[in-house]
Amino acid sequence: MNISLNWLATHLDLGGKSVKEIDDLLTFAGVEVEGVKTKGITSEKIVVARIMEAVPHPNAERLQVTQVDAGEGGLRQIVCGARNYQVGDKVPCALPGAELAGGFVIGEAVMRKVESRGMLCSATELGLPPDVDGLLILPQDAVIGQPVREMFDSDVMLELEVTPNRPDLLSHRGMARELAALLKTPLRAMDVPSVSSSCAAPSVIALDAPAACPLYTAVRISGVTIMDSPAWLKQRLESIGLRPINNIVDVTNFVLHELGQPLHAFDAAKLSGGIVVRHAKEGESFLALDESAHSLIADDLVIADASGAALALAGVMGGLHSGVTPATTDILLESAYFTPQGIRRTSRRTALSSDSSYRFERGVDPSGVLTASALAVKLILATAGGTVRETTQVAGTAPVLTRPVALDAHKLDRLMGGSISLAAAEEILTRLGLTKRADGMWDVPSCREDLQRHIDLVEEVARVHGLANVPSRFRGSFVPASPIDGAYDADMVLRRRLAALGLYECQTIKLIADTQLGDALPLRPLLEGDVIRVKLPLSEDHAVMRPSLVPGLVASAARNIRHQAKSLRFFEMGRVFRHAGGGKARDQESETLAVLLSGCAAPAGWNQQDRAADLHDLKGLIAALVPGKSVRFSPRDRAGFALGCDVKADDQNLGVFARLLPARERELDFTAPVFVAELDLTKLRKLLAGTGHVADLPQFPGSSRDAAMDLPASLPNAEIENVLDKCAEPLLIAYECFDVFTDPTGQKLPADRKSVAYRFHYRAADRTLKAEEVDAAHQKVLAALQQKLGVKFR
């Protein structure tokens with residue numbers, strides 16, 4: 001919301017407070033100032049001065065040394081570079097401490113060894129429209145020493161963020177009321193005529209939806225002339241960034257920002273009979289003022305006439321065919337109170353938003369409905385002429401939204417740390433508009449619906465008193481680490497490691513579509529009845545609680561593919577939900593880590609070839625998460641995936657790995673294989689929880705032997721690694737596979753066989769091994785492989 005300080009000053013005396021002081025005052029009272037925009041000259045230290053003398057600068061050809069009279073009783077020396085003036089001209093003089101446009105503060109300086117005690121200003125430097133190239137020459141009748149700001153229109157606009165519970169601040173009157181309490185300054189009385197009203201007959205105003213519109217008023221004004229608004233009204237609206245339209249619309253906008261009560265003016269000639277406030281018919285069409293067409297539902301509230309035509313979407317926006325035009329001569333002015341919930345739903349559903357809906361959906365002051373109408377009538381008669389044909393017609397009654405609230409003196413003293421007396425607290429509440437009753441309860445003004453409990457009153461006292469004045473008596477004490485802290489720390493370690501490995505973290509919604517269940521990769525396969533479904537889903541895309549994180553990662557990867565991403569490296573940590581045993585064990589939650597790899601394995605570069613990521617890249621990522629552990633993939637078929645494995649770390653099941661079916665990859669427009677893994681986060685945390693150990697560097701050299709094995713093509717590598725791990729040869733310290741050869745043609749090797757080459761590393765911690773010892777250990781390893789797997793050595 002935008003607030004003009006000049007407009008605000010019509011409601012209270014700001015006491016010479018600077019913009020910075022008002023900014024701080026509002027901020028510490030809970031109103032965030034998001035921006036400050038100045039118009040014209042704001043500094044009092046920019047004054048009218050007469051140039052009494054001008055001589056060339058002794059050390060600079062393009063500068064002159066002037067003596068100016070700024071009304072200080074003596075002359076002031078200022079160095080100036082402009083040449084468009086003559087001795088005797090009056091110009092703006094910025095004294096030391098003056099702030100120019102852009103935030104530049106003037107000070108005293110020495111320019112080329114000549115003292116300069118201020119600055120003579122151009123129009124641009126003052127934030128005014130450019131005049132000529134050089135100084136701004138002021139009229140000769142300007143008073144020397146007079147602040148230049150008094151000669152030009154100037155204002156400051158504050159951009160405020162008002163919390164949803166304070167709709168009373170969404171107007172200049174409301175903000176003035178808040179500042180008056182903070183500054184201990186009285187509000188100026190408003191010149192609003194008394195309201196002459198009468199109860200409307202059903203033929204004039206029919207409230208068919210009293211729950212959605214408890215109060216509706218209308219007044220008819222005849223003989224108005226639609227024309228441009230007077231200068232003062234245009235200036236008010238422009239000062240807060242609004243564009244003037246015509247006198248009738250401008251008055252309704254002015255009253256909205258003056259009092260916070262939205263109004264709407266109908267062209268009375270376009271109405272048929274009386275006003276009907278009703279719910280819309282299902283599928284009823286409505287054409288809004290912005291020319292957007294909408295199909296309404298029964299929950300929407302409309303303002304119609306006796307013919308049934310919808311004239312306006314109540315509280316949101318008027319209709320295109322009932323608005324004021326240059327040909328309008330008679331108007332019907334609406335002022336009403338609409339229930340916030342209904343306006344909020346309609347505004348969100350139709351994507352229509354206006355200054356009116358912004359206030360109605362937060363709640364306006366019901367007691368201000370007639371006051372706003374009376375002020376608008378007064379201004380319309382003054383700016384557009386015309387006559388009021390009858391009294392204001394009123395249907396319904398203003399709802400009472402507030403109730404008396406008690407202030408507990410003991411709790412107040414305890415919560416405020418004894419920093420304020422009860423009398424001072426009561427004085428603050430009185431300044432805020434509350435009234436103390438004889439029974440000690442406090443009557444809350446109708447505009448403060450947010451004050452419902454004792455603690456609300458204490459909060460108001462604290463805001464105005466200042467939280468900085470409340471003593472701090474409690475300091476943070478040591479708290480031992482908890483399992484929750486340990487889990488958080490472990491998760492952050494995993495996040496940092498994955499980010500360092502080039503992965504991006506995703507955060508996806510916990511609800512997925514039925515169609516995404518095929519991408520799920522839970523730690524244990526799903527049985528019929530294990531899926532948890534939402535009873536009343538908002539949409540088909542949010543019908544199932546995710547049993548796995550993989551569907552969300554796959555959907556995110558698919559979106560990235562559509563944006564031409566070449567390398568997909570994602571991970572996510574989060575909760576998954578399922579039943580177990582076909583629904584026998586219900587409502588189980590667990591935490592998992594999911595990883596997805598696809599596309600280029602490394603960023604493209606001139607010095608490296610593109611290589612698609614494969615399962616070995618994913619295995620390497622998992623191994624990097626748990627250093628010091630032996631990570632293996634054990635084949636296990638997973639329904640709906642082309643390739644499946646259990647992920648093990650030191651013989652402990654850690655999670656599952658899979659590749660999407662090629663058909664699914666093509667369906668989602670992937671051009672490379674998609675590999676995914678889902679790991680048990682609880683087990684990962686335990687693996688990270690142990691104390692890290694550092695081994696001494698080996699003192700003795702090792703030796704290696706190579707072996708090429710002829711074995712069935714269907715034999716998984718995991719079985720070779722399993723035999724080697726259980727070989728129990730103490731000298732074998734490491735091994736790796738460095739070559740795999742197959743020949744589909746069967747010429748060099750039978751098509752159902754493969755040749756796998758391993759390198760074995762041997763070392764002893766206490767001596768240098770002899771060749772015979774290495775050979776003996778190597779033969780023991782080969783014998784174990786031959787005995788367990790029946791391999792042949794080449």
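**Exercise 1. Which exposed residues does the face of α12 turned away from its buried side carry?** Work out how helix α12 sits in its surroundings.

A note before we start: this is a predicted model, in which local features need pLDDT of at least 70, side-chain atom pairs count only at pLDDT 80 or more, and totals for chains, interfaces and linings use all residues. Residues are numbered from 1 along each chain as its sequence is written, and side-chain values use heavy atoms, with hydrogens and water left out.

*Solution.*

Step 1. Locate the helix. α12 covers residues 483-500; helices (H or I, at least four residues) and strands (E, at least two) are DSSP runs, numbered from the N terminus.

Step 2. Check its length. The expected span is 1.5 Å times one less than the number of residues. For the 18 residues of α12 this gives 26 Å, and the end C-alpha atoms are 26 Å apart, which agrees.

Step 3. Sort the residues. Buried means under 20% relative accessible area, exposed over 50%, and partly exposed in between (1.4 Å probe, protein chains only). The buried residues of α12 are Ala487, Ala490, Asp491, Leu494 and Leu498. Seen down the axis, they fall within an arc of 100°, so they line one face of the helix; the arc is that of the directions from the helix axis to the C-beta atoms. An α-helix has 3.6 residues a turn, so residues three or four places apart point the same way.

Step 4. Turn to the other side. Tyr488, Arg496 and Ala500 are the exposed residues on the face turned away from the buried side.

Step 5. Find the packing partners. With contact meaning heavy atoms within 4.5 Å, the buried residues of α12 pack against β29 (567-580), β30 (585-599), α14 (615-625) and α16 (681-689). After the helix comes glycine 502, with a positive phi near 90°.

**Exercise 2. Describe the open sheet that contains β37, and the helices on it.**

*Solution.*

Step 1. Write down the strand order. The four strands run β36-β37-β35-β38, with antiparallel pairing; two strands pair if DSSP finds at least two bridges between them.

Step 2. Identify the edges. β36 (732-741) and β38 (792-793) each have a single partner strand, so one side of each is left without a neighbour in the sheet.

Step 3. Look at one pairing. β36 and β37 (residues 753-762) are antiparallel and joined by eight bridges. Within this pairing, glutamate 736 has arginine 759 of β37 as its bridge partner.

Step 4. Add the helices. α17 (residues 717-725) touches β35 (703-712), β36 and β37, and its direction makes about 30° with that of β37. α18 (residues 771-789) lies across β35, β36, β37 and β38, at about 20° to β35. For these angles, axes are lines fitted to C-alpha atoms, for helices over the stretch in contact, and angles run from 0 to 180 degrees between N-to-C directions.

**Exercise 3. Is arginine 753 buried or exposed, and what does arginine 753 touch?**

*Solution.*

Step 1. Place the residue. Arginine 753 is in strand β37.

Step 2. Apply the cut-off. Its relative accessible area is 19%, so arginine 753 is buried.

Step 3. List the contacts. Not counting residues up to four places away in sequence, arginine 753 touches Asp710, Leu711, Pro712, Ala713, Thr742 and Lys792.

**Exercise 4. Where is serine 357, and which residues surround it?**

*Solution.*

Step 1. Serine 357 belongs to helix α7 (residues 355-360).

Step 2. With 0% relative accessibility, serine 357 counts as buried.

Step 3. Leaving aside neighbours within four places in sequence, serine 357 is in contact with Gly315, Val316, Ile343, Ser347 and Leu352.
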